[in-house]
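Work through these short exercises with the structure open beside you. Try each task before you read its solution.

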Amino acid sequence: MPRRHDPGRRQRIIDAAIRVVGRDGIAGLSHRSVAAEADVPLGSTTYHFATLEELLVAALRQAGEGFSGVLAELVPEHGGPDGLAAQLARALGVWLGGERTGVELEYELYLAALRRPALRPVAAEWTERAAAPLARRTDPVTARALLALMDGLCLQVLLTGGSYDEDHARTLLARLIP
């Protein structure tokens with residue numbers, strides 16, 4: 001039987017893995033669950049991703065584009081009418097005000113790197129990608145501090161189920177900006 005050409009299959013598998021983790025958590029991720037979600041044969045998932053770690057790396061890389069994209073869109077490289085603290089606080093509001101499942105998914109994948117060493121380089125790339133534009137507006141140390149504060153604010157909102165307070169975030173962020 002001739003092999004069917006399906007150039008989008010790998011991407012569909014990654015998208016399916018992200019949906020599975022978003023719905024069932026990392027514990028629910030298996031080649032079988034992803035194959036069912038992507039509507040592909042089980043062998044396709046193992047062909048493209050020999051291990052679940054490889055699949056998680058691909059999912060983390062893709063999911064990590066969410067917050068970086070919000071920062072790129074809402075925090076101009078060369079200033080803007082508002083100060084950096086206001087721009088970052090607004091970006092966090094947009095990020096947390098969107099679909100919470102996506103935010104939760106990114107953090108679940110990001111924090112999975114604590115127990116899965118294969119994910120650590122990708123988590124580091126994610127941090128670098130988010131810190132780079134901030135470092136152009138401040139300096140590398142301040143950029144990392146701002147990112148750590150924003151991560152903390154996001155986690156507090158996610159873990160408590162509370163609402164995001166943009167004014168409070170702006171005040172905290174402004175304290176770190178020289």
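The exercises go from the whole chain to one helix, a cavity and a loop.

This is a predicted model, in which local features need pLDDT of at least 70 and side-chain atom pairs count only at pLDDT 80 or more, while totals for chains, interfaces and linings use all residues. Residues are numbered from 1 along each chain as its sequence is written, and side-chain values use heavy atoms, with hydrogens and water left out.

**Exercise 1. Describe the protein chain as a whole.**

Step 1: Take the secondary structure. The protein chain has 10 helices and zero strands. Helices (H or I, at least four residues) and strands (E, at least two) are DSSP runs, numbered from the N terminus.

Step 2: Take the extent. The C-alpha trace spans about 65 × 30 × 30 Å along its principal axes.

Step 3: Take burial. Of the 178 residues, 42% are buried. Buried means under 20% relative accessible area, exposed over 50%, partly exposed in between (1.4 Å probe, protein chains only).

**Exercise 2. Check the length of helix H7, then find what covers its buried residues.**

Step 1: The expected span is 1.5 Å times one less than the number of residues. H7 covers residues 100-112, so its 13 residues should span 18 Å. The end C-alpha atoms are 18 Å apart, which agrees.

Step 2: List the buried residues of H7. They are Val103, Leu105, Glu106, Tyr107, Leu109, Tyr110 and Ala112.

Step 3: Look for their cover. It includes helices H1, H4, H5, H6, H8 and H9.

**Exercise 3. Find the largest cavity and sort its lining.**

Step 1: Recall the method. Rolling a probe the size of a water molecule over the atoms shows where empty space is left. A cavity is a set of points on a 1 Å grid over the protein atoms alone where a 1.4 Å probe fits but cannot get out; lining residues have an atom within 4 Å of a point.

Step 2: Search. One cavity of 30 Å³ or more turns up in the whole structure. The largest cavity has a volume of about 110 Å³.

Step 3: Name the lining. Among its residues are Glu106, Tyr107, Tyr110, Trp126 and Asp151. H7, H8 and H9 each supply at least two lining residues.

**Exercise 4. Locate Asp39 and decide: buried or exposed?**

Step 1: Asp39 sits in the loop between helix H2 (31-38) and helix H3 (42-48).

Step 2: Its phi is positive, about 60°, although Asp39 is not a glycine.

Step 3: Asp39 counts as exposed because its relative accessibility is 68%.

Definitions and conventions
Contact means heavy atoms within 4.5 Å. On a 1 Å grid over the protein atoms alone, a cavity is a set of points where a 1.4 Å probe fits but cannot get out, and a pocket is an open set with protein on both sides within 12 Å along at least five of seven lines; lining residues have an atom within 4 Å of a point. Grid points are joined across faces, edges and corners, and a volume is the space filled by probe spheres set on the points.
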